[in-house]
Amino acid sequence: MNGNRPSLFSIGSLLALLAMLAWLLYGCSLWNPSWEIDSPDGKLTVTVTLDDGIPRYALSHQGAPVIHPSRLGFVFRDQPSLNGDLAVTSEQADSQVESWEQPWGEERVIEADYTGLTLKLEERSQLRRHFFLELRAYNDGIGFRCELPEQANLNDFLIMDEQTEFVLAGEHTAWWIPAFWWNRYEYLYRETSLAEIDTVHTPLTLRRNDGLHLSIHEAALTDYASMTLRRSGRDTLQCELVPWSDGVKVRGKTPHHTPWRTVTISADAAGLVTSRLILNLNEPNRLPAADWIKPGKYIGIWWGMHTGEYSWSSGENHGATTARACSYIDFAAEHGFQGVLVEGWNPGWDNDWTRNGELFDFTQAHPDFDLELVTAYAGERGVGLIGHHETGAAAVAYEQQLEEALALYERLGVNTIKTGYVGWEQNIKRPLPEGEVALEWHHGQFMVRHYRRVVEAAARHRIMLDVHEPIKATGIRRTWPNMMTREGARGQEFNAWGPEGGNPPEHTVLLPFTRLLGGPLDFTPGIFELLLPDNPDNRVNTTLAKQLALYVVIYSPLQMAADLPEHYENQPAFKFIEDVPVDWETTLVPHARVGEYITIVRQDRNSPDWYLGSITDSTGRTLTLALDFLEPGQEYRAEIYADAPTADWQENPLALEIENRSVSSETELTLVLAPGGGQAIRFHPLSIGE
Ligand code: NOJ
Ligand code: CA
């Protein structure tokens with residue numbers, strides 16, 4: 001019997017099989033090599049593979065895939081694509097253990113530890129064109145970008161497509177606003193499955209069925225087209241750059257690089273809000289000595305125009321009169337506001353200004369607005385005028401006046417300007433040589449360049465910026481800290497006249513998890529007359545307590561008290577707006593669920609006070625909070641501005657209770673939020689005997 005003895009034939013086949021396996025493994029690793037980096041805490045892994053010369057990156061979290069291998073590469077006009085036939089010809093590891101300090105922000109000290117790798121990807125064919133793929137893994141997410149260095153066979157280029165993909169692993173719920181629609185970023189966020197999304201703006205927020213939260217965005221958008229995301233397969237998103245009018249996506253010359261493509265990752269919704277990945281991927285401060293950059297609160301001749309009480313245009317209801325500006329300045333001085341915004345001060349508003357922005361004049365004032373007098377009056381009272389440049393989206397015409405307009409404001413001591421670009425999506429007029437005009441998108445490279453030019457010019461004139469109808473926030477405030485805040489969302493103004501009767505209660509519990517992940521938002525909270533007696537179709541869809549809570553929840557270094565000053569007279573709740581700071585030492589997010597509720601707790605940067613804002617959608621909620629962030633052993637007075645038990649955003653929005661309570665780090669607070677409501681608290685340390 002030879003039952004137990006292997007035959008010669010089977011030994012031979014086994015050896016052959018082993019040899020084949022070894023050859024295959026060896027061959028594959030040569031053919032499909034891979035590179036890997038882990039985040040400093042070891043939880044995130046980024047892998048780059050070259051599959052027959054085609055580069056892909058992948059991302060995993062605690063060993064499980066988050067992004068399956070996804071393509072990278074460029075399609076050019078007038079030269080072959082750079083997306084295959086590549087080899088890695090050099091690699092450079094780098095890592096950083098560091099923190100840095102923000103001049104102003106949600107917190108003073110930012111942790112910036114990362115592990116990095118740069119791969120040189122070079123064509124194996126004669127052209128030998130190449131790019132550097134720079135990867136960074138932080139504990140809260142990843143960033144990668146491509147640099148096209150100076151080289152013999154790649155000089156001027158026209159990018160027709162950036163082929164960056166995001167092939168997502170698992171089932172996701174998505175929160176998004178559509179891209180390429182006429183009203184720029186001013187849409188309500190939608191919640192759908194990933195498989196149902198359209199072409200969307202970033203930041204795009206995703207929650208996987210297992211609870212992992214992701215935000216896909218970009219950092220340091222500089223001289224490039226902004227990235228939108230087009231769904232190109234059930235779970236695949238494709239980078240879709242906003243084109244120039246001729247279809248080219250990016251015009252450039254080597255050396256040049258893409259913005260960072262970013263994926264923020266957190267086990268819960270709160271972690272998205274506290275992530276500083278976007279800032280970490282921006283260049284350091286270029287204005288380190290700028291003592292003229294000052295976060296602050298402001299009021300303005302503004303809401304009255306939105307409710308129809310005043311007009312921007314000249315005539316008997318003209319809002320921006322010398323007398324009104326002076327009385328607003330008095331109010332600001334009395335209540336400690338840094339600035340007074342005046343809109344409608346200059347010629348250009350009497351036409352259909354959204355289509356005729358060229359007619360705006362930024363160096364002349366209306367006859368009933370004495371600019372010199374008003375700025376002098378403000379200066380004497382320690383208040384600054386916030387100048388206004390509405391461009392009607394006529395960016396080129398604005399640039400022609402920019403230097404003169406900024407110089408005028410600088411001379412008069414106007415150290416902040418709110419700009420505006422109301423217009424339709426593709427209506428930025430770009431003059432062409434033969435007298436023709438091309439129409440550009442708001443978010444293409446042409447406008448990215450424009451918005452940056454204005455930031456840099458403003459910095460030269462020592463002026464801070466609040467940009468409405470902006471390019472999206474990608475963290476450039478780190479490099480240009482005079483770029484204070486921006487809109488780029490449906491702000492409070494929609495409550496005065498917007499369709500759907502304004503912003504629904506869930507809007508403000510979506511913004512912290514979507515738009516605000518890019519950076520500060522000038523939402524303009526603080527409306528006290530919620531029911532707008534003259535606008536029967538509109539109202540502010542919150543309780544009064546929620547308006548207060550928004551000052552803490554929606555971060556902005558310039559924060560407006562948006563209502564008319566007369567609506568704040570004799571209102572005890574106004575004290576919270578007077579007290580609340582705009583610059584923070586630290587930020588915590590104890591409660592968070594996308595689109596449902598959020599509580600944010602922040603410590604003032606200039607005092608030992610803490611502040612809390614908690615808001616909900618149309619569902620009332622009771623949340624408990626341990627005050628263990630307070631200094632142990634210290635008593636605090638909690639000044640609580642809460643929805644009254646009968647409050648409800650629809651039926652009883654003004655019912656507010658103000659209560660002072662003594663608390664400590666041992667206290668557990670119960671926050672009762674009415675439907676559409678909120679709560680705001682100031683925690684002030686008590687000295688002995690107080
Ligand atoms: C839209 C801005 O968002 C708003 O704040 C401003 O009042 C108007 N444009 C007019 O410039
Ligand atoms: Ca707007």
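Donors are N, O and S atoms within 3.2 Å of the metal when the metal is Ca. The views below show a predicted model.

**View 1. Donor residues of the calcium ion (ligand 2) along the sequence.** The donor residues follow the spacing E-x282-E-x17-E-x5-E. The pair E186 and E469 links distant parts of the chain, 283 residues apart. E186 sits in the loop between β14 (172-176) and β15 (190-193), and E469 in the loop between β29 (464-467) and β30 (483-486). Both E186 and E469 are buried.

**View 2. Donor atoms around the calcium ion (ligand 2).** The protein donors are OE atoms of E186, E469, E487 and E493, with E487 listed twice. These protein donors lie 2.2 to 2.6 Å from the ion. Around the calcium ion, six donor atoms subtend angles of 52 to 160°. The arrangement is irregular because of these angles; to count as octahedral, six donors would need opposite donors over 155 degrees apart and all others between 65 and 115.

**View 3. The largest pocket and its lining.** This pocket has a volume of about 390 Å³. Its lining consists of 19 residues, and those nearest the centre are A220, T222, D223, R286 and R452. Two elements, β21 (256-257) and α8 (445-460), give two or more residues to the lining. Of the contributors, α8 gives the most, with five residues. By class, the lining holds eight charged, six nonpolar and five polar residues.

**View 4. The largest pocket in relation to the domains.** Where does the largest pocket lie relative to domain 1 (32-280) and domain 2 (296-580)? It lies between them, because both domains give residues to its lining.

**View 5. The second largest pocket and its lining.** The volume here is about 310 Å³. The second largest pocket is lined by 23 residues, with W353, V422, E469, E493 and W497 nearest its centre. E469 and E493 are also among the protein donors of the calcium ion (ligand 2). At least two lining residues come from each of β25 (384-390), β26 (416-420) and α9 (493-497). The lining divides into nine nonpolar, seven polar and seven charged residues.

**View 6. The second largest pocket in relation to the domains.** Domain 1 (32-280) and domain 2 (296-580) both contribute to the lining of the second largest pocket, so this pocket lies between them.

Note on methods. Residues numbered from 1 in each chain as written. Chains lettered and ligands numbered in written order. Predicted model: local features only at pLDDT ≥ 70, side-chain atom pairs only at ≥ 80, totals over all residues. Heavy atoms only, no water. Donors = N, O, S within 2.8 Å, 3.2 Å for Na, K, Ca; no water. Tetrahedral: all angles 85-135°; square planar, octahedral: opposite > 155°, others 65-115°. Helix = DSSP H or I, 4+ residues; strand = E, 2+ residues; numbered from the N terminus. Buried < 20%, exposed > 50% of the residue type's maximum accessible area, 1.4 Å probe, protein only. 1 Å grid on protein atoms, 1.4 Å probe; cavity = no way out; pocket = protein on both sides within 12 Å on 5 of 7 lines; lining within 4 Å. Points joined across faces, edges and corners; volume = space filled by probe spheres on them. Nonpolar A, V, L, I, M, F, W, Y, C, P; charged D, E, K, R; others polar. Domains from an automatic or database assignment.
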